[in-house]
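Here are a few exercises to work through with the structure open in your viewer. Try each one yourself before reading the solution.

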Amino acid sequence: MTEPQKGQWDGGRFLKTLAYFKVIPFIGNINWIQNLLGGGAKKRQEKPNIILVVGATGGVGKRVVQRLQQQGIKVRCLVRDRKKARTILGNTVDLIEADLTLPETLTPDVFQDINAIICCSGTKVQPVEGDTPNQEKYYQGIKFYMPEVVDIPELVEYKGIQNLINAAFPSLQKTGDKILFDFTHPTEDIKEIWGALDDIVMGGISESSLKLTPDGALFTGYVSTANSGGFVSVRTRNFEPSLNLSDYQGIELRVKGDGKRYKFIIRCNEGWDSVGYCYSFDTVYNIPITIRIPFEKLIPVFRAKTLNEGKPFNASQVFSLQLMLSKFEYDGALNPKFEPGLFQLEIESIKAYGGTILPRFVQVSSAGVTRPGKPGLNLEEEPPAVRLNEQLGGILTWKLRGEEVIRSSGIPYTIIRPCALTEQPGGSVLKFAQGDTIKGQVSRDDMAELCIQALTQPKACNTTFEVKAEQDSQTSNNWDELFSQLKSD
């Protein structure tokens, strides 16, 4: 981009700017007119939040799927046999055929737009037919003859979990943040959202643009002080609907600049010429840096003048974002790092940070995983799986190894160790414990609900606990109270 000639104001570019942002001077934004005529602005498409259920055809997994669907939550099911899964889960659920023991089947498509995983997978142990509410046949079978272990526990419970964690990590590693724009992986609508807004609207001749590159977005051009100008910027059209960022603490920019001082401007009003909440930041020449902008540090500004009596920033209604290079700071003060001429600011991402961290991987393990080989343990008092752990291929030992993989992954998790699972109806009051000592039963219905509830509980983050049903209790579960008693791993 070459330097414009002094005084060479471009009326055509002025009109293009107004048309792009749908603005008429002295009237403001005209989206309301287009909405009236049926031609409103294109709405920003939020990425869907999908919960991936692994082991979706099992006793707990199929109940998790059903409950998520009843709540209107998008579900994707990872299954080994699509045809069998369709008969169990119905025709309305999204199925992906893959196998935890075959890492090559865990392709990026499995985890696209995934927000959380509920893992109910497990080693197949037969016989399983005729399961009764109290599992009499299962327990009698273990007592009188050895059940057949269909899978290899090491491959399913340990290496399978390792494969799943490795494949899911890129989708689940970032927590407490909300990506607003990832310019390294731009969506098709970015050019429909971001546009240049330069001093041409005030008679100036500066010119900028936002160009997409393999490394991000490049805010670049030429800034001139001719014709009383002196600023360039790129701004989003108004978001429809507005963004609710009230659960976050601020905005984080990942940029690589040219040593100049820039402004970040965010608006919580849909008006075109409205109050902007500003934050100035310095860049380092050709060095990537992270800029964190706490909402509490934003300054209310109108036409470069600070408003001492301005309303506090309302993070629940965010209508637009803007990046600016200006000759002026605020209230007539000059930008100490401003120089007319060429500039460039490379932007990698813009996100909201500081949100509440919730579990993103819920694992259904088993009570008793730490008990095999434990000194002083009376095996006669232990559940069959503990007594026959070695004969079952070390199933509990490998489950414990799988838990360790999850705990060391860096992904926020909840590991639930149910006592003996039954087909009893749900609705029992649950008891949590830590230390792997309790015995009892819990229904698969209640386990399914517990898995879903864990995803909404900050206190469930990075915890491992056992659960059983309280007998003959008539009260309902207080989830906040239950999870608040847990200690983090």
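**Exercise 1. Decide whether Ile96 is buried, partly exposed or exposed.**

Solution. Keep in mind that this is a predicted model. Start with the relative accessible area of Ile96, which is 18%. The cut-off for buried is under 20%. Ile96 has 18%, so Ile96 counts as buried.

**Exercise 2. Find where Ile96 sits and which residues it is in contact with.**

Solution. First, locate Ile96 on the chain: it's in strand 5, residues 94-97. Next, skip the neighbours within four places in sequence, and you're left with contacts to Arg76, Cys77, Leu78, Val79, Arg82, Asp109 and Val110. Finally, try a C-alpha distance: Leu52 is 44 residues apart from Ile96 along the chain, and the two C-alpha atoms are separated by 9.9 Å.

**Exercise 3. Zoom out and describe the protein chain as a whole.**

Solution. Begin with secondary structure: there are 12 helices and 27 strands. Then look at burial, where 49% of the 489 residues come out as buried. For the surface, the accessible area is about 24100 Å², and carbon and sulfur atoms hold 49% of that. Last, take the contacts between residues at least 6 apart in sequence: 74% of them join residues at least 24 apart.

**Exercise 4. Pick out the largest nonpolar core and its best-connected residues.**

Solution. The largest core has 40 residues, and Ile251, Leu253 and Leu321 have the most contacts inside it. Strand 21 (residues 341-353) gives the largest share of this core, five residues. Now zoom in on Leu253: not counting residues up to four places away in sequence, Leu253 touches Phe264, Phe281, Ile289, Thr290, Ile291, Ile293, Leu323, Ser349 and Ile350. Apart from this core lies another, of 38 residues, including Val53, Ile118, Met447 and Ile452.

**Exercise 5. Work out what lines the second largest cavity.**

Solution. Searching the whole structure turns up two cavities of 30 Å³ or more. The second largest has a volume of about 40 Å³. List its lining: Glu157, Ile161, Gln363, Val364, Ser365, Lys399, Gly402, Glu403 and Ile406. Then map the lining onto elements: helix 7 (153-172), strand 22 (361-364) and helix 10 (395-407) each give two or more residues. Helix 10 supplies the largest share, four residues. As a last step, sort the lining by character, and you get three nonpolar, three polar and three charged residues.

Note on methods. Residues are numbered from 1 along each chain as its sequence is written. This is a predicted model: local features need pLDDT of at least 70, side-chain atom pairs count only at pLDDT 80 or more; totals for chains, interfaces and linings use all residues. Side-chain values use heavy atoms; hydrogens and water are left out. Buried means under 20% relative accessible area, exposed over 50%, partly exposed in between (1.4 Å probe, protein chains only). Contact means heavy atoms within 4.5 Å. Accessible areas come from the Shrake-Rupley method with a 1.4 Å probe; for residues, only the protein chains shown count as cover. A nonpolar core is a set of buried Ala, Val, Leu, Ile, Met, Phe, Trp, Tyr and Cys residues joined through side-chain atoms within 4.5 Å. On a 1 Å grid over the protein atoms alone, a cavity is a set of points where a 1.4 Å probe fits but cannot get out, and a pocket is an open set with protein on both sides within 12 Å along at least five of seven lines; lining residues have an atom within 4 Å of a point. Grid points are joined across faces, edges and corners, and a volume is the space filled by probe spheres set on the points. Ala, Val, Leu, Ile, Met, Phe, Trp, Tyr, Cys and Pro count as nonpolar, Asp, Glu, Lys and Arg as charged, and the others, Gly among them, as polar.
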